[in-house]
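Trainee: I would like to go through this model one piece at a time. Where should we begin?

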Amino acid sequence: MTDFTCFGLEPALLRAIKELGFEKPTPDQSKVLPLLMTGSRDVVALAQTGTGKTAAYGLPLVQLTDPANPATQALILCPTRELCLQITQDLRGFAQFIPAIRILAVYGGASISEQIRGLRRGAHIIVATPGRMNDLLRRQSAPLDAVARIVLDEADEMLNMDDARDRVQRRALAA
């Protein structure tokens, strides 16, 4: 396995990786990073927790984001508030030496008005739970016109959540 320099990451990202203590890419990162660095591929990656998936998609997302363009360029959907906050923290760590990149977490259980203010200030990358993103879309508060990249993190969990919600609704209607 090589180090992260072979993937064409910009110096600010390599510096952040070193600062974060990453030494060598995981096998999953070694497979996914080259595919995503061009920004022109759809990728489905199935991997266990702890295999470096967030870095595998997050490093290319940060590199391919244009800080000079104030529009939202990427959207990450994830099933829980905890994962939303974790992904946001990881992305901010990757972007720590690219201060112009703005990353915003939007999730239920926090002030939607504060999140709307954050969106109005501008966010290059939005990390969101599906329910809160739906709320923001209904309010026409999430500017997604320029989104070029979408990540569904733990998509299987989000589908399971929908299945469970449907079962509960069917039971409620039958009662």
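Mentor: This is a predicted model. Start with its open sheet, in which four strands pair in parallel.

Trainee: In what order do the four strands of the open sheet lie?

Mentor: The pairing is parallel throughout this sheet. Its edge strands, each pairing on one side only, are β2 (103-106) and β4. On average, neighbouring strands are turned by 15° against each other, direction ignored. The order is β2-β3-β1-β4.

Trainee: Which residue of β3 stands opposite A105?

Mentor: β2 and strand β3 (residues 125-128) run parallel and are joined by four bridges. Opposite A105, in β3, stands V127.

Trainee: What angle does the direction of α4 make with that of β2?

Mentor: α4 packs on the sheet, where it touches β1 (74-77), β2 and β3. Angles over 145 degrees count as roughly antiparallel. For α4 and β2 the angle is about 175°.

Trainee: Which residues of helix α1 are exposed on the face turned away from its buried side?

Mentor: In helix α1 (residues 11-20), the buried residues are A12, L13, A16 and I17. Seen down the axis of α1, they fall within an arc of 140°, so they line one face of the helix. An α-helix has 3.6 residues a turn, so residues three or four places apart point the same way. The face turned away from the buried side carries the exposed P11, R15, K18 and E19.

Trainee: Which helices are included in what covers the buried residues of α1?

Mentor: The residues to be covered are A12, L13, A16 and I17. Their cover includes α3 (53-64) and α4 (81-94).

Trainee: Are α5 and α6 roughly parallel or roughly perpendicular?

Mentor: The axes of helix α5 (residues 112-121) and α6 come within 12 Å and cross at roughly 70°. The contact involves I112, Q115, I116 and L119 of α5, with R132, D135 and L136 on the α6 side. The crossing is right-handed. Angles of 65 to 115 degrees count as roughly perpendicular, so α5 and α6 are roughly perpendicular.

Trainee: Does S141 count as buried or exposed?

Mentor: S141 is found in the loop between α6 (130-138) and β4 (149-152). Leaving aside neighbours within four places in sequence, S141 is in contact with I116, L119 and L136. The cut-off for buried is under 20% relative accessible area. The relative accessibility of S141 is 15%, so S141 counts as buried.

Methods:
Residues numbered from 1 in each chain as written. Predicted model: local features only at pLDDT ≥ 70, side-chain atom pairs only at ≥ 80, totals over all residues. Heavy atoms only, no water. Buried < 20%, exposed > 50% of the residue type's maximum accessible area, 1.4 Å probe, protein only. Helix = DSSP H or I, 4+ residues; strand = E, 2+ residues; numbered from the N terminus. Arc of directions from axis to C-beta. Contact = heavy atoms within 4.5 Å. Pairing = 2+ DSSP bridges. Axes fitted to C-alpha atoms, helices over the stretch in contact; angles between N-to-C directions. Parallel < 35°, antiparallel > 145°, perpendicular 65-115°, else oblique. Left-handed = near helix turned anticlockwise from the far one by under 90°.
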